[in-house]
Amino acid sequence: DLSLSCYNARQQLIQASIKNSAVRRQIKDLQLVAKDTFALKLKELDQKVTAIENPPAKSMYAGFRKLEADFSSLFNLLQDTDMPPTTQVLKAAIETKEAFNKTWNQWNLQNKEIKSLNIQLQRSGLTVIKLE
């Protein structure tokens, strides 16, 4: 069960990372045509979207890439043996899942921010940022 949980979390992170990259490309395209307030908002949003992948050193949450590597390592450890997981592996899995939850919540907040910005972009006749 723990192995499957690590695998599923990793797959979720991979898909989120792909979507995040698509959002970054759209932001870059919008920055070419956005003026004044939107240019600043898009720059700030791009920084947040970038940070969800690789957060700054003193960030409160782990980035997608680190979490993906952590889940991959845990998965490999669990798959390499037929023995029950050690207490160290169980502890690492719990800590990684907690870090995942914090980062996932941050990503969801970011997506809400994008939806809010999309309303403003649409009212101004600019292209909206697609989240899918």
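Accessible areas here come from the Shrake-Rupley method with a 1.4 Å probe. On that basis the chain of this predicted model exposes about 8600 Å², of which carbon and sulfur atoms supply 54%.

**Stop 1: the whole chain**

Display the full chain as a cartoon. Its secondary structure consists of 4 helices and 0 strands, in the order α-α-α-α along the sequence. The radius of gyration is 18 Å, well over the 14 Å that the globule rule gives for 132 residues, so the chain is more spread out than a compact globule. Along the principal axes, the C-alpha trace spans about 60 × 30 × 20 Å.

Colouring by accessibility is a useful next step. Buried residues account for 32% of the 132 residues. For contacts between residues at least 6 apart in sequence, 69% join residues at least 24 apart.

**Stop 2: helix α1**

Select residues 2-31, which form α1. This helix has 30 residues and reaches 43 Å from its first C-alpha to its last, close to the 44 Å expected at 1.5 Å a residue. Show the side chains of its buried residues: Ser-3, Cys-6, Ala-9, Leu-13, Ala-16, Ser-17, Asn-20, Val-23, Gln-26, Ile-27 and Leu-30. What do these buried residues of α1 pack against? Their partners are α2, α3 and α4.

Within this group, centre the view on Ser-17, which is located in helix α1. Its relative accessibility is 16%, and because the cut-off for burial is under 20%, Ser-17 counts as buried. Leaving aside residues up to four places away in sequence, Ser-17 touches Glu-53 and Phe-64. Phe-64 is itself one of the buried residues of α3, the helix to select next.

**Stop 3: helix α3**

Select residues 64-79. Helix α3 has 16 residues and reaches 22 Å from its first C-alpha to its last, close to the 22 Å expected at 1.5 Å a residue. Its buried residues are Phe-64, Leu-67, Phe-71, Leu-74 and Leu-78. Turn the view to look down the axis of α3: the buried residues fall within an arc of 95°, so they line one face of the helix. An α-helix has 3.6 residues a turn, so residues three or four places apart point the same way. Now add the surrounding helices to the display. The buried residues of α3 pack against α1 (2-31), α2 (36-53) and α4 (87-123).

**Stop 4: salt bridges between helices**

Switch to the charged side chains. Side chains of opposite charge can pair when their charged atoms come close. How many salt bridges does the structure hold? There are 7.

Begin with Glu-68 and Arg-10, whose side chains meet in a salt bridge at 3.6 Å, N to O. Glu-68 belongs to helix α3 and Arg-10 to helix α1, so the pair ties together parts that are 58 residues apart in sequence. Arg-10 counts as partly exposed, at 27% relative accessibility.

Move next to Asp-46 and Arg-24, where the side chains meet in a salt bridge at 3.1 Å, N to O. This pair links distant parts of the chain, with Asp-46 in helix α2 and Arg-24 in helix α1, 22 residues apart. Is Asp-46 buried or exposed? Asp-46 counts as buried, at 8% relative accessibility, whereas Arg-24 is partly exposed, with a relative accessible area of 28%. Add Lys-28 to the selection to complete the view: Arg-24, Lys-28 and Asp-46 are linked in a network of salt bridges.

**Stop 5: helix α4**

Select residues 87-123, which form α4. Glu-95 forms a salt bridge with Lys-91, the closest N and O atoms being 3.8 Å apart. Both residues lie in helix α4, and being 4 residues apart they are separated by about one helical turn. Glu-95 counts as partly exposed, with 44% relative accessibility.

Finish at Ile-94, also placed in helix α4. With a relative accessible area of 51%, Ile-94 is exposed. Draw a distance from its C-alpha to that of Ser-3: the two residues are 91 apart in sequence and 12 Å apart in space. Ser-3 is among the buried residues of α1, which returns the tour to the helix of the second stop.

Terms used
Residues numbered from 1 in each chain as written. Predicted model: local features only at pLDDT ≥ 70, side-chain atom pairs only at ≥ 80, totals over all residues. Heavy atoms only, no water. Helix = DSSP H or I, 4+ residues; strand = E, 2+ residues; numbered from the N terminus. Expected span 1.5 Å × (residues − 1). Buried < 20%, exposed > 50% of the residue type's maximum accessible area, 1.4 Å probe, protein only. Arc of directions from axis to C-beta. Contact = heavy atoms within 4.5 Å. Rg over C-alpha atoms; globule rule 2.2 N^0.38 Å. Salt bridge = Lys/Arg side-chain N within 4 Å of Asp/Glu carboxyl O.
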